[in-house]
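Colleague: Please take a close look at the sheet in this model, strand by strand, and then at what else the model holds in aromatic contacts, helices and enclosed space.

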Amino acid sequence: MDWNNTIQRMNELAGQASKWKFGQDDTIRWMSNRLGEQTGILIADEVGMGKTRVAMVAIRSVLEAGGSVAVVVPPGLIYQWKKEWEEFLKSIGNKEQDTKSSNEPIMLRSYYSLFEDNNLQFPLTQNAGRWLLISHQFGPPLLRNDARPRRYMLPVLVKALIDVNNGKHKSNSYWQLVKKLYKGNEECIGGAYCPSNNKENKATDCPVKIENVDCNELPQINKAANYLMELVENKKSLFDDFATDDLPFRSLESAKAKEDFKKYFNDEKRGLKMIKKLLGSIDLLIIDEAHKNRDVEDDPKRLGTILRDIIEADNSKRIALTATPMELNACQWEEVFKRIGAKYPKDSVDNFAKAHTEANKHPDNVAIIERLIAASNDFVKKLKPYVTRRMRTEQKEMRELIGEELCKEKAHPHRDYEKKINIDYCEIEDEWKPSVFALEAIGKAAKGCITDDKDLNKQLGRLKIADSRYAAGKISTSGADSTNKETDGNGKDESNDQQKLDEAINKYFENNRLDKRDDNNEYNRQSYIQGKLRRIQYWNRILKSNNADLAGHPRIRKTADEIEKYLWDNGQLKQEKVLVFGTFLEPLKSLWDVLNRRTVLRLLDRKKSNDEHEPPIPGATMCIDNLAGIWAEYRRMEPRPSRKYSSEDELKSAIEKGGKSYEDLRDKLTTHIDKKFVATLPGDVAIKNIENAEDDVVKLLRARLVNDIIYNDTEFEQYQKKNIKMKALDIWCEYLKSFFDKRDDEREPDRKGQPKSTWAKHDYFTGDEEKIKELIQLDNFADNVSEEALKKLLKDELDHLSGRFGMFARMLYGNVKMETRRVLQAQFNDKNSFPKVIIAQSQVGREGLNLHKACRIVVQFHSEWNPGIIEQQIGRVDRIDSLWEAEAKEWKDKGKQGEMPKITVIPVIFKGTYDSFQYGVSKKRRENLKAHLFGELLNDEALDKLANDDTLREKLRKAAPSFAPE
């Protein structure tokens, strides 16, 4: 490939100034310059600055020069990349000769994705104009019990074809084994087509149907087999033993045979070498979120395996993308440098980290400050050839928006870190005090308690962080629902957990009786251990007898109070939304419950006089079922609702009448949204094939429309002016688009098929011709969708919207499917639609979702150890074209009157607990990250103690690390 041609094209694109924002064109020029001189670079632009878009310039330029590209991305981002690629091509203007197929990436979510598209040739990089978009989870098949043998048994097919090609008789066992996979149809084995796909074959039943699944993928498997066979026979392969050696199995009928096959596939990296050949050589490798899955000793991660053993990129150029190449400590730079094939400047990085720590401890020592200045200059000098980083405050758009002076002060002058939700350890209610002390005491007792029983030690391991659990809003000692595992939140039976622990401790006492110890040292050791165990048992009993209603937990109650201040004003919704991140699922779900209960009371507050009808209340039946919880919130929430209730019965009566108002409002949509209207929607063929789906779509669209009316507190007649049917069409398209953004799942391939209908323009349609084209494409996809999955999507959304008053706050945790996450993203970015709050488990919500269009408030419900994670969380709302940016422009246009709007970051801190300690550690680590990545060498406290020497201060300012492209 001609890299000079590629670099020229990059610079041509960079010259089109109108297409770029926030210095993206500067990064493109820097990228083209460095790639012309070296192998790898790191683009470490701040979160939300458009790294992906910059990288796409390199992809486009390499493809135009006839080269090949592979991009490796986290599984949750693979469809986000595809969507951004389509938008990128539109923005730069496609050439006339471009076709849709030549623009599309080849998406490889898993091993089985290799065989999904019959139009591809092997190696995949030889498909002109196409590029590989590979998940971090891509790799050898997992070989589950339900995996289809015809796909993972590719080595057996290659072996059988080679044997027959070399003159062996078809009675050979490998040919017979392959026949079983193809259900005895020899015509298909190794053929370039399957009879069912042959256009001249009019048969309705395919003779090769396997496991009730059609064999559309067989042609692609055969192509792969023939390509590999040719490589082996012509000695062009790096894996000569892959199919020419005698295979260590003759069938797949026994468990041992399957284990033998797994061993054969994985030993000596045979399977990895095979996949590498099927992919082909790469000219440009891009690694998104390149800091992830860092390899550790004796535990290679999947991403490292892809980069080392699957992608053939020995002679390629490399681009790593990450906003946080280091998060916890300076040595984390090393892994990213390895991934771009660059020499790691260890001494310079270590010296800078050490000098930074010393300077913040002794800012009044001029010699130490001078050492920091020298170390920082050397750090930048060694890293700058490989690293570029754009920060918002260095860009002209930001400086013009808020002013030069503010941009000089801090890396994030547009963020407010001052607000905190402080929970005072000494001021909590009496009913909660026993739980507080019990959990704190359990955690302290468990620390340093190592017994001679491994199973008991595992249970004690969970208790060692129990002192953080209460502060986090978790009132049991179970470790069932940490974000380390995606859980549905049901967790374990925690009372049973505690009972098992109690039994294990009693058993330990019995097996290690102190009266049988003669050795004094051993007696003292066991006495120490058993004393701790007895204290754990005691505090567990206290905890078990004092578990109060979690909804009243001070962390949950005070956080809900603070969120409501941003969202409500005397029954009216403010123009704000709130994003909440946390760790433990149990308290997050309780916060979700509390906010939705309170919404009922806030909506009822809209009634200003006895003459008015009761405001509409969604899910009134579920509200009545949950009346005790709503009444409890009425008594504890601050500020209290302005409307007063003398009893639960009075509140119940108001909710029932509100439910009737909701039904009346929904009934007014009957003449607009009905089955006849559903027949005009994209995907109407699929809808008709699903039992009751037409009714469900009608219910869903009506529920969404009614909720929008409630959100805006408008009369139906006013809302009707907005063209209800067109709004309903947009809502339905939002669901379909979100549905097709599937997650990374090797058991759920994309559905493709011939159009079953063509969407036609209807009388209510007010869009343009481009939108009609989108609707036609959407109609084709929707008609061929998995009916079971679409039915579940309808049910899930109906449950949220018309069921348990759950439209105000929505949960985002491990079991929420990717398509539902995309639905939530679209709804949350709509300023005039619910939800107002998204409550997300950090591991699930901090990547791949752009939630910035209608939100500028982030609540950190649980403390994090890793400041890089905090930066990612804030990055969901701090992005180009965010709500904050729009408000700042309005503030500027009005002459900068009043306080500048900011992105507000609100940590929740439980004073006097382990939670407070964790927050302190995270804060210190954040200072380290700021020095490396944001140019803030000294923290505020150290700056106050710095010598009042203008020359020294100016030298320190100039030495602050900056990797901005020139």
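Modeller: The sheet comes first, then the rings, then one helix and a cavity.

This is a predicted model, in which local features need pLDDT of at least 70, side-chain atom pairs count only at pLDDT 80 or more, and totals for chains, interfaces and linings use all residues. Residues are numbered from 1 along each chain as its sequence is written, and side-chain values use heavy atoms, with hydrogens and water left out.

The sheet is open and has 7 strands, in the order β3-β4-β2-β5-β6-β1-β7, with parallel pairing. The edges are held by β3 (105-108) and β7 (387-388); each has a single partner strand, so one side of each lacks a neighbour in the sheet. Strands (E, at least two residues) and helices (H or I, at least four) are DSSP runs, numbered from the N terminus. Two strands count as paired if DSSP finds at least two bridges between them. Strands of a sheet pair through backbone hydrogen bonds, either parallel or antiparallel.

Strand β5 (residues 284-288) is mostly covered, with 5 of its 5 residues buried. Buried means under 20% relative accessible area, exposed means over 50%, and partly exposed lies in between (1.4 Å probe, protein chains only). Both faces of β5 are covered: Leu284, Ile286 and Asp288 lie on one side, Leu285 and Ile287 on the other, and all are buried. Strand β2 (residues 69-73) pairs with β5 in the parallel sense over 4 bridges, and there alanine 70 stands opposite leucine 285 of β5. The pairing of β5 with β6 is also parallel and runs over 5 bridges. Isoleucine 286 has isoleucine 319 in β6 as its bridge partner.

Isoleucine 319 also stands opposite isoleucine 41, within the parallel pairing of β1 (residues 40-43) and β6 (residues 317-321), which has 4 bridges. Another bridge partner in β6 is arginine 318, set against glycine 40. From β1, Gly40 and Leu42 point one way and Ile41 and Ile43 the other way, and all are buried. β1 pairs with β7 in the parallel sense over 2 bridges, where leucine 42 has valine 387 of β7 as its bridge partner.

Next, the rings. A pair of aromatic rings is described by the distance of the centres and the angle of the planes. Rings of Phe, Tyr and Trp (its six-membered ring) pair if their centres lie within 6.5 Å; planes under 30 degrees apart count as stacked, over 60 as edge-to-face and the rest as tilted. A search of the whole structure finds 20 aromatic pairs. One of them is the edge-to-face pair of tyrosine 111 and phenylalanine 265, at 6.3 Å centre to centre and 90° between the planes. This pair links distant parts of the chain, 154 residues apart: tyrosine 111 is in the loop between β3 and β4 (131-135), and phenylalanine 265 is in helix α11 (residues 255-266). Tyrosine 111 and phenylalanine 265 are both buried.

Tryptophan 333 and phenylalanine 337 have ring centres 6.5 Å apart and planes at 70°, so this pair is edge-to-face. They are separated by about one helical turn, because they are 4 residues apart in helix α14 (residues 333-339). Tryptophan 333 is buried at a relative accessible area of 1%, and phenylalanine 337 is buried at 1%. Trp333, Phe337, Tyr344, Phe352, Phe379, Tyr386 and Phe963 form one aromatic cluster.

Two charged ends sit over rings, meaning that NZ of Lys or CZ of Arg is within 6 Å of the ring centre and within 35 degrees of the ring normal. Lysine 317 has its charged end over the ring of tryptophan 3, 5.7 Å from the centre. The charged end of arginine 392 is over the ring of phenylalanine 22, 5.2 Å from its centre.

Last, the helix and the cavity. Helix α31 (residues 693-712) has 20 residues and reaches 29 Å from its first C-alpha to its last, close to the 28 Å expected, where the expected span is 1.5 Å times one less than the number of residues. It is largely enclosed by the rest of the structure, because 16 of the 20 residues of α31 are buried. Just after α31, aspartate 713 takes a positive phi of about 50°.
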